Amino acid sequence: MATIKIDGREIPFEQGDTIIKAAHRAGIDIPHYCWHPGLSVAANCRMCLVEVAPPPGRPALQLDILRWDPEKKDYVPARKPKLVPACQQACAPGMEVLSEGSDHVEEARGAVQELLLLNHPVDCPICDQAGECRLQDYWLEHQGTGKRMQQEVVHKPKAVVFGPTIVYDAERCIVCTRCVRFTAEIAKDPILSVRERGNLNEIVVSPDRELDHDYTLMTEHVCPVGALTSKDFRFKARVWFLRSARTICQGCATGCNAYLDYDPRTNTPHRHRPRDNEEVNKYWMCDEGMLSYKRAVEGRLGAALVGGEDASLEDALAAAKDQLAGIKDDPARVAVVLSAQHSNEDNYALLTLAKTFIGAKDLYVSGRPLGRGDEILMSEDKNPNTLGVMQLANAPAPKPIAALFDAIKAGKYSFVIALGAEIEVEAKDAESALSKLKGVVTIAAHDGPLARAAHVALPATAWAEQDGTYVNRQGLAQKSERALKARGDARPGWELVSKLGKELGYAMTFKTLAEVRRAMTPEAPAPSRDADRAAKPEVSA
Ligand code: SF4
Ligand code: SF4
Ligand code: FES
């Protein structure tokens, strides 16, 4: 593979790579604002300037400048190398690049920083980007001086509402155009543009429009400074108090890789943001998915229900045993409902109870009904693990839940054991059908028709409160990591299934998630989070 040298270190590059792309792949950081690996190159911030040695036998590109001579106390003609933006300059075999090793580059980076901060307000104490702002970080790394400009700064519009989710502060904007390029190139809705010139320029929304497509929150995420803020997150938390878990978005079958940022002191989730994965979501998420973090705490089933009334877990398990008395005599009258909303581990535990112990033959699958999809990321299937359930249950494939209610009406079943709260049928129809049965037990993280209609409902942890594996629409099994502590009496779904099985007198022995995973794939080594972490370097943001 062809190579270039950066500060004396030889690194490989792929055909078409720019210097910054090859450098980032090799773990070399070249400072940048306007460059983003998923967007076209604008090369307008000039933060990534580097010095490139001329090809052999060719003169170096030089700039004629005037330099201050302290002895003559005057400006004198001088020359210095012409620097190039690393985000735009293509690699060529044998190219020699000086980044941190060049005084000219260091000087240029400090000057670019100073220019960008000339009119920037000192908003850091109240800015939502504080703690993750490139302006702060690069000021420290490359400038580090106080402000020399004495004049009043240029004032521009502040707190401009761009749409239902985004607020713009033109004073903080460095006009890198990442947001403009994102809306045009990725969201396919080119409604942002730059108006005016020089230090008067600002980002505007097209006349008679709002920033209101399905990917508006990504504009805030790609903004390297605090110019775009999300209405949902602004003024809610300081990022240095937050921790991040590597989760999988539960919004649809795409299974976008995400970080769930949460405050461990209050056990509160604060935002979802994309995690780089070239194969699945690249660097992006849709608004629905980014806001879906709220489902970790909203609408939860915090305690067990017996006959619709709160109960302790022990009492609920005892009640479930009474309600399900008789299933051993006639397994053909037991229907088991798997859930496309739950992890592989939860579904595997229920499958084990159903097939190995009860001997139930009839499987159904519940989940959220189909919704709107698009050509970008969003799937019509609004469940994160439909494929996982289908692969686990194998043959015969579980039937859609609507068929369960038809079968109940036809008198086929006496008992239902179900995972999940979501069903694609009318809640009233479901409740009236289930009320005819001898025993209905559900294990659910959220309140919903299935939990309400059940004789006994056991409270499961939401995805953010447990580790789990989900198979996305491409067939990729992806692990989601626990962020929050369980709310109320909630326990992981697989654990509740195991407890229920034991209560019913079966030898269900799953005590840890690792045991469930080993039972699912006996030959696989115990999953390692660290191995996962090392597998995917982050390059965006
Ligand atoms: S709003 Fe942010 S992303 Fe958009 S141009 Fe300004 S600084 Fe760049
Ligand atoms: S496309 Fe689907 S998985 Fe991705 S962020 Fe949106 S809802 Fe979540
Ligand atoms: S990152 Fe290269 S010019 Fe902005």
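Here is a short chat about reading a sheet and the nonpolar cores in this predicted model.

Modeller: Residues count from 1 along each chain as its sequence is written, with chains lettered from A and ligands numbered from 1 in the order written. As the model is predicted, local features need pLDDT of at least 70, side-chain atom pairs count only at pLDDT 80 or more, totals for chains, interfaces and linings use all residues, and side-chain values use heavy atoms, leaving out hydrogens and water.

Colleague: What is the strand order in the open sheet?

Modeller: Strands of a sheet pair through backbone hydrogen bonds, either parallel or antiparallel. Here five strands run 2-1-7-3-6, with mixed pairing. (Strands are DSSP E runs of at least two residues, helices H or I runs of at least four, numbered from the N terminus; pairing takes at least two DSSP bridges.) Strand 2 (9-12) and strand 6 (84-85) are the edges, each pairing on one side only.

Colleague: In which sense do strand 3 and strand 7 pair?

Modeller: Antiparallel, over two bridges, between residues 49-52 and 96-98. Glu51 has Leu98 in strand 7 as its bridge partner.

Colleague: And which residues touch the most other members of the largest nonpolar core?

Modeller: In soluble globular proteins, nonpolar side chains tend to be buried together. A core means buried Ala, Val, Leu, Ile, Met, Phe, Trp, Tyr and Cys joined through side-chain atoms within 4.5 Å, buried being under 20% relative accessible area with a 1.4 Å probe, protein chains only. Of 54 residues here, Leu324, Ile327, Leu350, Leu353, Ile358, Leu458 and Leu500 do so. Helix 8 (residues 344-358) gives the most, six residues.

Colleague: Why does this core lie between two domains?

Modeller: Because domain 2 (160-296) and domain 3 (304-520) both give residues to it; the bounds come from an automatic or database domain assignment.

Key: Buried means under 20% relative accessible area, exposed over 50%, partly exposed in between (1.4 Å probe, protein chains only).
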